[in-house]
Amino acid sequence: MALRQLSRTLLVHAQQPRPMRTLLAAAAGSRSHQLLLRGYATKKYTESHEWISIDSGVATVGITEYAQNALGDVVYVEVPDPDSEVAADDVVGVVESVKSSSDIYSPLTGTIVDSNSLVTKNCKLINKSPEKDAWLFKVKFSSQNEVDALLDEAAYKKLIEETDS
């Protein structure tokens, strides 16, 4: 029911050209709409080329498309064990390719709640789908300040442009 009401609200407000955030703000008047909108994941990045998808206090972490391209064909992946306690910037795994080896860092302090065993069994998955199916681990984080300090998409794109120039 809340989704149907949200759709109607968006349709009414969409008849006038407005930025999407304005449309979402208009639709978010009731508590049920706020809860519905809050369920969407937020994507962040690190300077060491990990992506982080934040959803309900859990961060899913993987390497970016940019990092995957730089590494080339991945031949080995090591991910952290679930229930491990980690601090931000701890080395928690490694990705090895035919070109080089790269440490994987935890972007956030917390507890590892899941690791992607598919990636360790089929490391080529990182080359095929680095920012979707080839996530590496999930961490239940303890500091929103650490999340806020991560790069947003625009800042990450700027970092890549500066790196490539």
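Is K43 buried, partly exposed or exposed? In this predicted model, K43 counts as partly exposed, because its relative accessibility is 32% and the intermediate class lies between the limits of 20% and 50%.

K43 also takes part in a salt bridge with E131, in which the N to O distance between the side chains is 2.8 Å. Since K43 belongs to strand β1 (residues 42-45) and E131 to the loop between α6 (125-128) and β9, this contact ties together parts that are 88 residues apart in sequence. E131 is likewise partly exposed, at a relative accessible area of 26%.

The structure holds two salt bridges. Another pair is formed by E153 and K157, whose closest N and O atoms are 3.3 Å apart. Both residues lie in helix α8 (residues 153-164), and because they are four residues apart there, about one helical turn separates them. E153 is partly exposed with a relative accessible area of 43%, and K157 is partly exposed with 46%.

The loop that carries E131 leads to β9, a strand covering residues 137-141. One face of β9, made up of F137, V139 and F141, is covered, whereas K138 and K140 form an uncovered face. Strand β9 pairs in the antiparallel sense with β3 (residues 58-63) over four bridges, and K140 is the bridge partner of V58. With β8 (residues 110-115), β9 pairs in the antiparallel sense over five bridges; here V139 stands opposite I112.

On the surface, a patch of negative charge gathers E78, D81, D83, E85 and E96. Of these residues, D83 lies in the loop between β4 (74-78) and β5 (85-86) and is exposed, with a relative accessible area of 65%.

Conventions. Residues numbered from 1 in each chain as written. Predicted model: local features only at pLDDT ≥ 70, side-chain atom pairs only at ≥ 80, totals over all residues. Heavy atoms only, no water. Patch = residues over 30% accessible without salt bridge, like charges linked within 9 Å, V, L, I, M, F, W, Y side chains within 5 Å. Areas by Shrake-Rupley, 256 points an atom, 1.4 Å probe, with all protein chains shown as cover. Salt bridge = Lys/Arg side-chain N within 4 Å of Asp/Glu carboxyl O. Lys, Arg positive; Asp, Glu negative; His and termini not counted. Charge placed at Lys NZ, Arg CZ, Asp CG, Glu CD. Helix = DSSP H or I, 4+ residues; strand = E, 2+ residues; numbered from the N terminus. Buried < 20%, exposed > 50% of the residue type's maximum accessible area, 1.4 Å probe, protein only. Pairing = 2+ DSSP bridges.
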